[in-house]
Amino acid sequence: MPIINSISNIKKDMQEWRRYLHTIPELGFEENKTSEFISKKLSDFGIEVHQNIAKTGIVGVLHGTKPGATAIGLRADMDALEMPEENHFEYKSLNNRNMHACGHDGHIAMLLGAAKYLSETKNFKGTVYFIFQPAEEGLGGGKVMVDEGLFKKFPMQTVWGMHNWPGLEVGKAAVHSGPVMASADGFKITVLGKGGHAAIPQLASDPVPVAASIISGLQTLVSRNIDPVNSAVVSVTVIKAGTASNVIPDQVLMEGTCRSMHQEDRIKLEQGIKNISINIAKASGLEAKVDYISGYPATHNTLQEASEASVIAEEVLGIDSVEKSMPPSMASEDFSYMLQEKPGAYIWLGAGNPGPGKMLHNSRYDFNDEILPLGASYWSRLVESKLS
Ligand SMILES: [Zn+2]
Ligand SMILES: [Zn+2]
């Protein structure tokens, strides 16, 4: 079964909503106008609206025509990025600070499209929750929603997510059985030495060569500690030390990022960064302090739900439309916090090839409106199938 007919009829509405949202990009936890717009639409569709979950987050509640104890949650993210837009079409960002460069405007429109269709047909048994989540881009709005009792206030058995995916053809989807996106952690290492005259090093404790050894040591973490079939990254990206060429500095500060697909690897990397830094410094009679900053966990689809998502995507997009062996992305996603609590699947919806400089997080990116009916049909069929 291809795109649902009546959804194809509301493509124009979805495009209009999407383009309006594109003009008012708002950053994480500040999605006030966006949230107002969504609430108004949901109310117009006759859907019960719960606002102010994680500040600007919303949950819409819709019951099917048949009673049932089963409930599922569909999640869209709402925030934009702090970057100026370089597009010049008429619906470009109205402020020159923020931009919808990740397509969350389209994610909102697709979920609203499904909400409209489902509120008119209600051809399901039980309850669907429309989850509009703030602050995906780094601030962890997904976690805040969970912490504020999303799954207690709105009990559901499974939770589902979707992201538009430029680079994957329109009409295709990618579904992963297991890891989809990596965990993203940060670290700060401070090597504490004792400064002095650069020509009299014996009277100082130079932290610079120690920092260099630590950086080299960190390069062995992935290659010697992680199973070679698993993916992981440790990158040192910031080094700060010294003010003059003839002065040994007191300390060196290093920062970096750490990505992995599995929790056991994440723990190994954290311990490894601490061990290497502290012990290399100690071997030279210096001290190293390590702050490990845990970010988003890895996003893992549960097997059963990944398989159900594939079946629905193939129903909507056609036979052989679902890529099941695409490598996961080393980027991260805070839908992971929801998937830590409930079974579910997060799929990538093909958005076509927009060309270089127009991919996600680029200043000339734009959500591909052609896929609006595909995403809305996927959501709707998922509800009608899971709640049949
Ligand atoms: Zn993004
Ligand atoms: Zn995104």
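Modeller: Two residues are in contact if their C-beta atoms, placed from the backbone, lie within 7 Å. In this predicted model, five residues of domain 1 are in contact with eight residues of domain 2.

Biologist: Welcome news for a newcomer! What makes up the side of domain 1 that touches domain 2?

Modeller: Four nonpolar residues and one polar residue, with no charged ones. The domain assignment gives domain 1 as 5-181 + 298-386 and domain 2 as 183-293, and their C-alpha centres lie 39 Å apart.

Biologist: Why is α7 called roughly antiparallel to α8?

Modeller: The axes of α7 (residues 207-225) and α8 (residues 263-283) cross at roughly 150°. Angles over 145 degrees count as roughly antiparallel, so α7 is roughly antiparallel to α8. The two axes come within 9 Å, and the crossing is right-handed.

Biologist: Which residues of α7 make the contact?

Modeller: V210, S213, I214, G217, L218, L221 and N225. Among their counterparts on α8 are L269, I273 and I276. By class, this contact has nine nonpolar, five polar and one charged residues.

Biologist: How do you know that β1 and β17 are edge strands?

Modeller: Each pairs on one side only. The open sheet runs β1-β2-β6-β3-β7-β18-β8-β17, with mixed pairing.

Biologist: And how do you know that β7 and β18 pair?

Modeller: Pairing needs at least two bridges. Strands β7 (residues 158-165) and β18 (residues 344-350) have seven, in the parallel sense, so they count as paired. In one of these strands, β18, W348 is the bridge partner of H163.

Note on methods. Residues are numbered from 1 along each chain as its sequence is written. Chains are lettered from A and ligands numbered from 1 in the order in which they are written. This is a predicted model: local features need pLDDT of at least 70, side-chain atom pairs count only at pLDDT 80 or more; totals for chains, interfaces and linings use all residues. Domain bounds come from an automatic or database domain assignment. Ala, Val, Leu, Ile, Met, Phe, Trp, Tyr, Cys and Pro count as nonpolar, Asp, Glu, Lys and Arg as charged, and the others, Gly among them, as polar. Axes are lines fitted to C-alpha atoms, for helices over the stretch in contact, and angles run from 0 to 180 degrees between N-to-C directions. Helices (H or I, at least four residues) and strands (E, at least two) are DSSP runs, numbered from the N terminus. Angles under 35 degrees count as roughly parallel, over 145 as roughly antiparallel, 65 to 115 as roughly perpendicular and the rest as oblique. A crossing is left-handed if the near helix is turned anticlockwise from the far one by less than a right angle, and right-handed if clockwise.
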